[in-house]
Amino acid sequence: MARGERLTAGQLAARVLIWAVLLVSAALVLTPLLFMFTASAMPAVDIVTMPYRWIPRGFHWQNFWQAIKGNDGSFMFARNLVNSVIVALAVTVATVLLAGIAGYGLAKFPFRGKNAVFLLIMSTVMIPFEAVMIPLYLVSTRLGLQNSYAGLIVPFMVSAFGIFLMRQFLITFPDEFLDATRIDGAGELGIFTRIVLPNMTPAVATLAVLTFRAEWDSMLWPLLIAQSERMKTVPLYIVRFASEKYTDEGAMMAVAVLASLPMIILFLSLARYFVGGAALYVSRKG
Amino acid sequence: MGGTRRRKSSGFERRIARWGFGFVAPSLVFFALFSFYPILNALYTGFFDKRLLSLRRPAFVGLRNYAFLLTSPDFWNSLRATFVFTLGTFIPLVLVSLILATFIMQVRRGRKALQIAYYSPAVISSVVAAAIWLSILEPRGLANQWLNALLGTPGIDHRWIASAVNVQFSAMLVYFWKYVGYFVIIFIAGLASIPTTLYEAARIDGSSTLQAFGRITLPLLRPTVLLVSIMSMLQCLRTFSVQYLFVQSGAALAPINVVTLSIYNTGIRDRMIGRASAMSIILFIIMLAFTWLQFRTSRADETTF
């Protein structure tokens, strides 16, 4: 419909309806987030006032102090937050590098059995983590990996989806470019790190944000492998904090805010990669 | 390998092939260790009465773990909880995200902002999502306040967590809230891939927007609808965090004792590794069946424009 075109009454009504549905749904989706932010600034009494005050009367900073200090005053939250950052970053870097180089190998190097190798890798998406966690736990404990960063990181260092994404992206990478650098005498590994990797920023950024998000959310594996408080990650801290008997409602929401802030900042600054990453599934068959 | 000289092209090709395989090899080793070996190990352990921390050699019990599970009311309850959760979550997810995506495609301004708004719950973690909702669903929380205002029934506690039926609904609500925007984005990508020329042709032929949706959009979107359905279904079958946090915060276990939670409790809390492995294999087979369905339907649905 071109701009300035006259709308009939029916079309106008349809437009109003569409906008109403879209805006009401957006408001409903955002309500719990707004609740989290406002409640984190309120004393517990205010959170259960009827009707709920959407504008806090002041900033109840004690919630955040309580969140960081913990109910037992051990400051374990800070430590767990650091753990989460270390683990998520390490998994992200490893996944980008390993998936990048494997995708490069599959996209640009003809070798015997390549298709079989690709199918074998893709078949692992059919093996859900939940079905292999018990054996993985047994092996990891036998290797002495409980309560260690290695134990948290190593089982997630690469993903089939990551390899698929990198391969799809690199298939269209110009061969002449690679051949030219080869003639200049560059080593194959050097070509990957100096030529290929810097030229695949969109794919790297997409894979990086998706991996980081998934790791930040990950809870089942840390629950098995990190039993000591010092090695726990943020989701485990939240579970513990939520299940403690006299947890303050406002402090709980302050924990939620602090746990989400890194992701929210990352999302707002890199939204297109999050959104583009989700959309990749549609072109999956391509 | 630096010493290889390019005397003939076959030598160069062999060198390239070796590098190519070398680049893939680390990932292959990884998947062998962390995907293929553990699933085979689970299959093997499922035939033994293996206990965690026990020094006794595990006894071979054949199919007895499976026989136990298939006659255990607890395990059937877990399957029921998983399927109720999956059906109750993925159907609204697919329907609502399809409607929202279609509507977003109808507006010219604000598309980006709307997508970001819908997607935003997907970036916070499942446990945080569950914690926020636990707070909203409190007896004196926002959910009761709003529902009572809507129904005109002041002061009623709808027991969102305390009642066995409602707690299942509450778990679905958390999951639905967290993922609806994610699937909206996927549908928008699917809708954007339909050539606009088709709609122009339809308009010239005099069809209405609603007709165009039924005759063009829906048939061409079929592959995306199927993909999203299976994807969301597989994701729902794997749900763990929301139910775990609910139970840890005092909800009754039985109504929301999904299979993943049951595997965790059997294997780690009760230390029955053999039985937990058998459960893992059953979950694996269920998910394999759905994945197979996805491959079949997506192959039958190749569309060309």
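**Close-up 1. A:Ile191 sits in helix α10 of chain A, which spans residues 188-196.** This is a predicted model, as are all the views that follow. With 19 C-beta neighbours inside 10 Å, A:Ile191 counts as partly exposed, because a residue needs 20 or more to be called buried. Setting aside neighbours within four places in sequence, we find A:Ile191 in contact with A:Leu178, A:Thr181, A:Arg182, A:Ala186 and A:Val196. It is also worth locating A:Phe177 here: 14 residues separate A:Phe177 from A:Ile191 in sequence, and their C-alpha atoms are 9.9 Å apart in space.

**Close-up 2. Helix α8 of chain A (residues 160-170) is largely enclosed by the rest of the structure, since nine of its eleven residues are buried.** If you would like to pick them out, the buried residues begin with the run A:Ala160, A:Phe161, A:Gly162, A:Ile163, A:Phe164, A:Leu165, A:Met166 and A:Arg167. A:Phe169 is buried as well.

**Close-up 3. Two loop residues of chain A, A:Phe75 and A:Asn147, have positive phi values.** Neither residue is a glycine, and phi is near 55° for A:Phe75 and near 55° for A:Asn147. Look for A:Phe75 in the loop between α3 (62-69) and α4 (76-108) of chain A. A:Phe75 is exposed, with 11 other C-beta atoms within 10 Å. A:Asn147 belongs to the loop between α6 (129-142) and α7 (149-153) of chain A. A:Asn147 has 16 C-beta neighbours inside 10 Å and so counts as partly exposed.

**Close-up 4. Helix α9 of chain B (residues 209-237) is kinked by about 55° at B:Arg222.** The proline B:Pro223 follows shortly after the kink. Following the helix from end to end, you will find 29 residues, yet the end C-alpha atoms are only 36 Å apart. A straight helix would reach 42 Å at 1.5 Å a residue. Several residues of α9(B) are buried, among them B:Leu221 and B:Thr224. Further along α9(B), the buried residues include B:Leu227, B:Val228, B:Met231, B:Ser232 and B:Met233, together with B:Cys236 and B:Leu237.

**Close-up 5. The largest nonpolar core has 164 residues, with members such as A:Ile238 and B:Ala130.** The residues with the most contacts inside this core are A:Ile238, A:Val255, A:Ala256, B:Ala130, B:Ala131, B:Phe183 and B:Phe246. Helix α7 of chain B (residues 164-192) supplies the largest share, 15 residues. The core also draws at least three residues from each of domain 1 (9-67) and domain 2 (70-247) of chain A. Zooming in on B:Ala130, and leaving aside its neighbours within four places in sequence, you can trace contacts to B:Val174, B:Ser241, B:Val242, B:Leu245 and B:Phe246.

**Close-up 6. Chains A and B meet through 73 residues of chain A and 81 residues of chain B.** On the side of chain A that touches chain B, helix α1 (residues 9-39) of chain A gives the most, with 13 residues. This side of chain A divides into 61 nonpolar, five polar and seven charged residues.

**Close-up 7. Chain A is assigned two domains, domain 1 (9-67) and domain 2 (70-247).** To place them relative to one another, take the centres over C-alpha atoms: those of domain 1 of chain A and domain 2 of chain A are separated by 35 Å.

How values were computed. Residues are numbered from 1 along each chain as its sequence is written. Chains are lettered from A and ligands numbered from 1 in the order in which they are written. This is a predicted model: local features need pLDDT of at least 70, side-chain atom pairs count only at pLDDT 80 or more; totals for chains, interfaces and linings use all residues. Helices (H or I, at least four residues) and strands (E, at least two) are DSSP runs, numbered from the N terminus. The expected span of a helix is 1.5 Å times one less than its number of residues. The bend at a residue is the angle between axes fitted to the seven residues ending there and the seven starting there. A residue is buried if 20 or more other C-beta atoms lie within 10 Å of its own, exposed if 12 or fewer, and partly exposed in between; C-beta atoms are placed from the backbone. Domain bounds come from an automatic or database domain assignment. A nonpolar core is a set of buried Ala, Val, Leu, Ile, Met, Phe, Trp, Tyr and Cys residues joined through C-beta atoms within 7 Å. Two residues are in contact if their C-beta atoms, placed from the backbone, lie within 7 Å. Ala, Val, Leu, Ile, Met, Phe, Trp, Tyr, Cys and Pro count as nonpolar, Asp, Glu, Lys and Arg as charged, and the others, Gly among them, as polar.
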